[in-house]
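Trainee: Could we go through the pockets of this one together? I'd like to ask you a few things as we look.

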Amino acid sequence: MTDDLTTESPVQEETPRDPWARELFFADDVEQHPAVRELREQFGEVVVDVVRFRDETTIHVRPEYLRQVSDYLRTHEQLSFKMLIDLTALDMLRLRTAPRFDVVLQLYSIKNRVRLRLKAGVDDGQSVPSVVPVWNGANWLEREAYDMFGIVFEGHPNLRRMLLPDDWDEGFPLRKDYPLRGWKEYPSYNTERTVSRTRTRWTGRGA
Amino acid sequence: MSSTVAQPGTDGMPVFAEDMPPTGTYTISDEVAINESERLLTLNMGPQHPSTHGVLRVVLKLEGEVILDCDPIIGYLHRGVEKLGESHRYAQVVPWTDRTDYVAAPMNNLGCVMAFEKLCGVESPERAQYWRVIMSELSRIASHLVWLGTHALDIGALSMSLYCFRERELILDVFEAFCGARLTTNMMEIGGFSRPIPDGLIPQIREFLRVFPDRQKEYDDLLTANPIWLARTKDVGVIPAETAIDYSLTGACLRGSGVNYDIRKAMPYLVYDRLEFDVPLGTKGDVYDRYLVRMEEMRQAIRIITQCVDAVERMDTPLMAYESEYVIPPHKGTMTTAEDMQRHFVWVIKGISPPVGEAYAAVEHPKGENGYYVVSDGSSIPYRFRVRSPDFVNLGVLSHLAKGAMLADVVALIGTIDIVLGSVDR
């Protein structure tokens with residue numbers, strides 16, 4: 001004990017901080033996020049915007065590089081975002097002017113136990129590279145996004161309707177300009193009562 | 001005469017028996033070569049086939065009994081839950097999630113409510129979190145019981161479905177006592193529970209906890225070492241770990257292959273970080289491993305519920321986070337004072353308006369990761385409501401698994417993925 005008190009503590013050496021520390025994934029300053037740092041280093045201008053909200057990190061990338069960025073994140077030894085949890089789209093019609101859609105990927109790293117959201121803005125009629133070569137799980141998810149939003153995924157092996165019937169001709173229902181009940185007029189059934197209604201008692205005692 | 005046989009565009013195939021060349025002019029191998037296209041049989045299975053667990057339709061291309069190609073066709077139960085979620089107010093969206101996976105409805109409610117709470121920055125009180133864990137683990141057992149009953153029924157063990165549905169009734173009785181509904185529970189609310197816990201509920205749950213382990217041992221005795229069961233499940237539908245990750249599988253389909261990803265452990269939500277339980281992992285990734293994983297998950301769920309019931313028994317803290325501005329205030333004064341009634345009226349009519357932003361919350365559903373991605377534009381209606389249902393993504397691996405398998409294994413493969421078509425189609 002006395003030794004500890006008497007010996008001078010050595011001058012604190014400048015230890016380099018671990019660049020892969022877990023708290024960096026959750027740091028308030030989003031630029032410290034390892035995925036953001038690595039992507040900026042590797043791809044530079046491809047990262048358009050980085051947003052942090054409710055402990056979730058969203059990286060906006062340019063759509064033409066979506067596949068490269070995904071593949072980089074998946075094969076990176078430290079980041080290792082091996083799982084594509086979800087792929088969907090977002091119609092930004094009422095929120096901004098252009099581009100119209102966002103393709104949203106939710107990634108998960110089993111190694112680091114963190115999530116990451118990738119977004120790529122894509123305009124109506126523009127196509128976005130498919131990530132099926134990166135993750136096979138994207139196959140059905142991209143088909144669903146095409147089905148619901150009409151976003152064409154370039155290089156998808158089998159891009160056809162997923163949930164709606166193949167001969168559906170009313171457009172893409174999750175777009176914001178698609179009305180809730182569809183474009184077509186459907187007959188309304190049984191609005192005029194053809195059989196006259198007889199008043200019944202339902203006191204529970206019959207008759 | 002020959003011109004009537006070989007029509008352009010019909011590959012010269014004879015249509016009627018009299019057009020066939022006389023017997024003896026060609027050998028059997030010639031016939032095989034001629035009838036190449038007829039050798040492959042396209043079989044349509046479903047959408048009303050009982051072993052497809054609902055309205056799944058699978059188009060199979062068969063050569064004899066071997067499957068060459070498999071194309072699952074879904075969407076027969078598509079109700080547009082996401083579109084409906086984008087046209088209702090936040091509190092009104094929660095009941096729609098019951099209808100997605102209707103055998104584990106409390107779990108769906110929980111995921112949806114957790115996404116809304118994350119968006120608003122609300123945290124439910126501790127006691128409500130314990131009750132949420134109890135209800136979600138009960139629904140996990142209920143879902144696994146439906147899976148076990150129907151899966152065993154498909155493979156040929158009829159009596160399992162009778163036993164499993166018998167025990168499921170006990171859980172549905174608990175749900176009914178808790179919230180009044182058995183199937184579409186609409187149990188969770190933003191901020192906790194607004195109604196008190198019924199008096200006799202904890203003894204009822206304890207009775208279930210006492211009864212169930214013995215009953216589960218019966219299933220174990222019937223199936224686990226049963227040679228017919230082993231023959232139908234061992235080495236069938238093997239998913240290696242890399243493939244499971246590649247196809248974005250979650251839940252027992254992923255853990256059966258030995259990948260340790262359970263949201264309750266990886267990113268604990270509610271009070272899961274205070275509870276003791278194990279995550280079972282498979283080794284090979286065949287149908288039998290996934291069966292063992294799900295059986296063990298039921299035992300672990302019993303462990304979790306026991307701990308939660310012990311913890312919650314003497315707890316008398318509030319159930320609802322009324323201090324938050326995003327939680328509908330108590331109903332108490334509405335009958336007596338006009339101001340309270342007006343305030344409540346505005347709340348109910350207008351609903352909540354979360355801040356602008358987006359949130360993704362996921363729960364470990366019995367079938368995998370059930371995620372809800374909500375985008376808010378500051379209005380009282382979600383701008384985007386995305387349901388990431390686990391079995392929709394898991395079903396994507398079916399065509400990969402079925403290639404090269406036998407026809408009789410398709411029902412085992414569909415059963416082992418554990419699908420509910422309400423959740424697949426949404």
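Trainee: Which element gives the largest share of the lining of the largest pocket?
Mentor: Keep in mind that this is a predicted model. Chain A gives two or more lining residues from each of α2 (22–25), β2 (56–61) and β5 (114–122), while chain B does so from α6 (105–120), α7 (126–155), α13 (263–266) and β4 (357–365). The largest share is four residues, and the element they come from is β5(A).

Trainee: Okay, and which residues lie nearest the centre of the largest pocket?
Mentor: The pocket has a volume of about 960 Å³, and 36 residues line it. The ones lying nearest its centre are M114(B), K118(B), M267(B), P268(B) and Y269(B).

Trainee: How many charged residues does that lining have?
Mentor: Let's sort the lining of the largest pocket by class. Nonpolar residues number 16 and polar ones six. For the charged class, the count is 14.

Trainee: Now the second largest pocket: which element gives the largest share of its lining?
Mentor: This pocket has a volume of about 600 Å³. Its lining has 25 residues, and A91(B), E189(B), I190(B), S194(B) and I328(B) are the closest to its centre. Two elements of chain B give two or more residues, α5 (90–98) and α15 (338–350). The largest share, five residues, belongs to α5(B).

Trainee: And how many charged residues are in the lining of the second largest pocket?
Mentor: Same sorting by class as before. There are 16 nonpolar and six polar residues in this lining. The charged ones number three.

How values were computed. Residues numbered from 1 in each chain as written. Chains lettered and ligands numbered in written order. Predicted model: local features only at pLDDT ≥ 70, side-chain atom pairs only at ≥ 80, totals over all residues. Heavy atoms only, no water. 1 Å grid on protein atoms, 1.4 Å probe; cavity = no way out; pocket = protein on both sides within 12 Å on 5 of 7 lines; lining within 4 Å. Points joined across faces, edges and corners; volume = space filled by probe spheres on them. Nonpolar A, V, L, I, M, F, W, Y, C, P; charged D, E, K, R; others polar.
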